[in-house]
Amino acid sequence: MLNVVVAAALASTLAAPRPDTLRYEMAFARDDSARRVVDVRLRLRVAASGRSVVELPHAWAGHSDLEKQISNLEIVGDRSVTVSDGDSAFARSITGRPGAPVEVRYRLRQDWSGAVRRPEYFRAIIGDPYVLLVGQSSLARPRYGDGDSVVVDFAWKNAPRSWRIETSFGGGSAQRARTTIGELLEGVFVAGEFRAYSAPAYGRSIRMLVTGRWGFSDSALVAGTRTIVERERAFWRDRAARQLLVVTVPSSGGIGGTAYTNGLVMYADTTSQLPAFMRLLAHETFHQWNGHTIRTAGPEGGMKWLSEGFTEYFADRFARDAGLLSAEGYLEKVNENIRHYYTSPVRNATREDLNRRYWSDPDMNRYPYYQGYLIAGFVDRELRRATQGRFTVDSLLFLLYRGVRGTNRLVDDALFVSAAPQAARSALRDSIASFVVEGRTVPVVADSFGGCTVVRTSEMYPFDLGFDANASTRSRVVSGVRAGSSADSAGIKDGMRLRGWSWFNGDPTRSASIRVIEGDSIRTIAWLPRGNASFTVPQIESRPECSPSRPS
Ligand SMILES: [Zn+2]
């Protein structure tokens, strides 16, 4: 243990002000069975300490075996260089003369098949229409801290002539950028047959790549993206924002989006409707600031109320302000969040619970999205009241951003609170401690989400299919039916063979159905997918004859 500490201290004192250069050569090729692969060569130098550790992709976005995508790993250097096993199966230790050149070579392949879908799409996508890689999933790299500066140099070889290449660090067959290890790992690299567009937004361009046939036109997609990005850049007053890359690829099962360094990828069902698509795009774009500039302190689950919940809150506001949601549609989104939060089976989870189960429990994974949404509304009202309307949750987030931009500071509760005016800090501190640390329920009060509203409560049931939908739809055999659940009462049994299924995820008021194969016939079973216990849920309604500009 002591050795490790001493080595780390030495490394930091010897670190030169000039950052290391990492040269990646990415060559498209085919393997023996004619499947597309990427042959990667990383050139770097042995650290000044005479010892470097190279890490392979391993754990990210719920996957913990990303090293399996890698074959033919070779690490070579000059005579002084020796390579040995690292402290894990996906790390190699390199010793040699300080500054000695080292080359890490490996072949990267897509190790899953079938439709592009979550969570598989977080692994490397290497196919014939396109290649989509993320630093975390695909790049070997020296073991540095996330905030450590590096120069990265990419060269893309043997791409088919018709392909476009765009990355977090620029387009074309070569890029060079000064960045950090964190930004490199969150970088996205795309090559393939795409329709490409670019549009200006608040002084800097957006670059868009689209593939697949959608229910909306490319021009509607480009116009909507431009409106959202322009509004968000204006919110952050970010004229220095770098070019943003927006990639849209078809996937199965709803709409997903992920924010990367200077870019985002929308993975969506081609039947997606434009408003829902744009609302998620607003969410992912907002992460360029709340997520990538405002970075939160670990462990990962414990600050998601800010990075995800606040992002949800603002995405709905941007969608409303851009005309994608009506005033009533906006209140419906707010109410939907309140319903999810109040009927969540993990509503009073503490921060410790969340840290422990964020990735392993789907309810826990969604929980901070709803919780943070409500906290944003609650905090907005509290700040307005404490400052006679001069300071809002918008001001708070903006000052937080200004405070951490260009630094390596990670935001925790204390730093968040310190962005508020002195007079509002202690109440804000108490709110965060109560809701986030202790898991107390966030109250919903009138005027938390705009004026001219009242709060009414009603009894509601949580959404609960009553069986293991993920496992069942994957294997096409029903499993995990819980005794006494709504599915159980409807006569659904483990082992039934599935021909089809349909339900509105998250909505307990609309009927769910499955079609099961019984001998030569197919039977449809329908039921209401709700849990047994009801909850008292507040809902916001607009007050007639009241306009928010003239609150009464
Ligand atoms: Zn998000």
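In what order do the four strands of the antiparallel open sheet line up? Reading across that sheet, the order is β5-β6-β3-β10. Before going further, keep in mind that this is a predicted model.

**The four-stranded sheet**

Let's stay with this sheet for a moment. Its edges are β5, covering 82-85, and β10, covering 141-142, and each of these pairs on one side only. Starting from the β5 edge, the neighbour is strand β6, residues 91-95, and four bridges hold the two together in an antiparallel run. If you want a spot to look at, find S84: its bridge partner in β6 is S93.

**The six-stranded sheet**

There is also an open sheet of six strands, and here the pairing is mixed. Its strands follow the order β4-β7-β2-β1-β11-β14. On the outside sit β4 (70-77) and β14 (174-180), the edge strands, each with pairing on one side only. On average, neighbouring strands in this sheet are turned by 15° against each other, leaving direction aside.

At the β14 end, strand β11 (residues 149-157) runs antiparallel to β14, and seven bridges join them. Within this pair, V151 faces R178 of β14.

**A hairpin to look at**

Further along the chain, strand β19 (residues 255-260) pairs with strand β20 (residues 263-268) over six bridges, again in the antiparallel sense. G256 has Y267 in β20 as its bridge partner. The two strands form a hairpin with two residues between them, and N262 has a positive phi near 50° there.

**How the helices pack**

Now for the helices. Two packed helices are described by the angle between their axes and the distance between the axes. Here are three pairs laid out that way:

| Helix pair | Angle between axes | Distance between axes |
|---|---|---|
| α4 and α5 | about 35° | 10 Å |
| α5 and α6 | roughly 130° | within 8 Å |
| α6 and α9 | about 70° | 7 Å |

Take α4 (residues 218-235) and α5 (residues 274-286) to begin with. They cross in a right-handed way. On the α4 side, the contact uses A220, G224, T225, I228, V229 and E232, while α5 brings L274, M278, L281, A282, T285 and F286. Sorted by class, that gives eight nonpolar residues, three polar and one charged.

Helix α5 also packs against α6, with the axes coming within 8 Å and crossing at roughly 130°. How are these two helices set relative to each other, oblique or perpendicular? The answer is oblique, because an angle that is neither under 35 degrees, nor over 145, nor from 65 to 115 falls into that class. This crossing is right-handed. From α5 come M278, R279, A282, H283 and F286, and they meet T311, E312, F314, A315, D316, F318 and A319 of α6. The contact divides into seven nonpolar, two polar and three charged residues.

Some names turn up in both lists for α5: M278, A282 and F286 touch α4, and M278, A282 and F286 also take part in the contact with α6.

Then there is α6 (residues 304-321) with α9 (residues 362-386), packed at about 70°. These helices are therefore roughly perpendicular to each other. Helix α6 goes past α9 in a right-handed crossing. In α6 the contact residues are K304, W305, L306, E308, G309, F310, E312 and Y313; across from them in α9 are P368, Y369, Q371, G372, Y373, I375, A376 and G377. This contact of α6 with α9 counts nine nonpolar, four polar and three charged residues. E312 is worth a second look, as it is listed for α6 in the contact with α9 and in the contact with α5.

**Backbone oddities**

A few loops deserve a visit too. Between β7 (101-108) and β8 (125-126), the loop holds P119, and the peptide bond from R118 to P119 is cis, with omega near 0°. Another cis peptide bond links G298 and P299, with omega about -10°; P299 lies in the loop between α5 and α6. Finally, Y202 is not a glycine, yet has a positive phi of about 55°. Look for Y202 in the loop between β16 (195-201) and β17 (204-210).

**Domains**

Where do the domains fall in the sequence? Domain 1 takes in 300-452 and domain 2 takes in 469-532. Their C-alpha centres are 35 Å apart.

Methods
Residues numbered from 1 in each chain as written. Predicted model: local features only at pLDDT ≥ 70, side-chain atom pairs only at ≥ 80, totals over all residues. Domains from an automatic or database assignment. Pairing = 2+ DSSP bridges. Axes fitted to C-alpha atoms, helices over the stretch in contact; angles between N-to-C directions. Left-handed = near helix turned anticlockwise from the far one by under 90°. Contact = placed C-beta atoms within 7 Å. Nonpolar A, V, L, I, M, F, W, Y, C, P; charged D, E, K, R; others polar.
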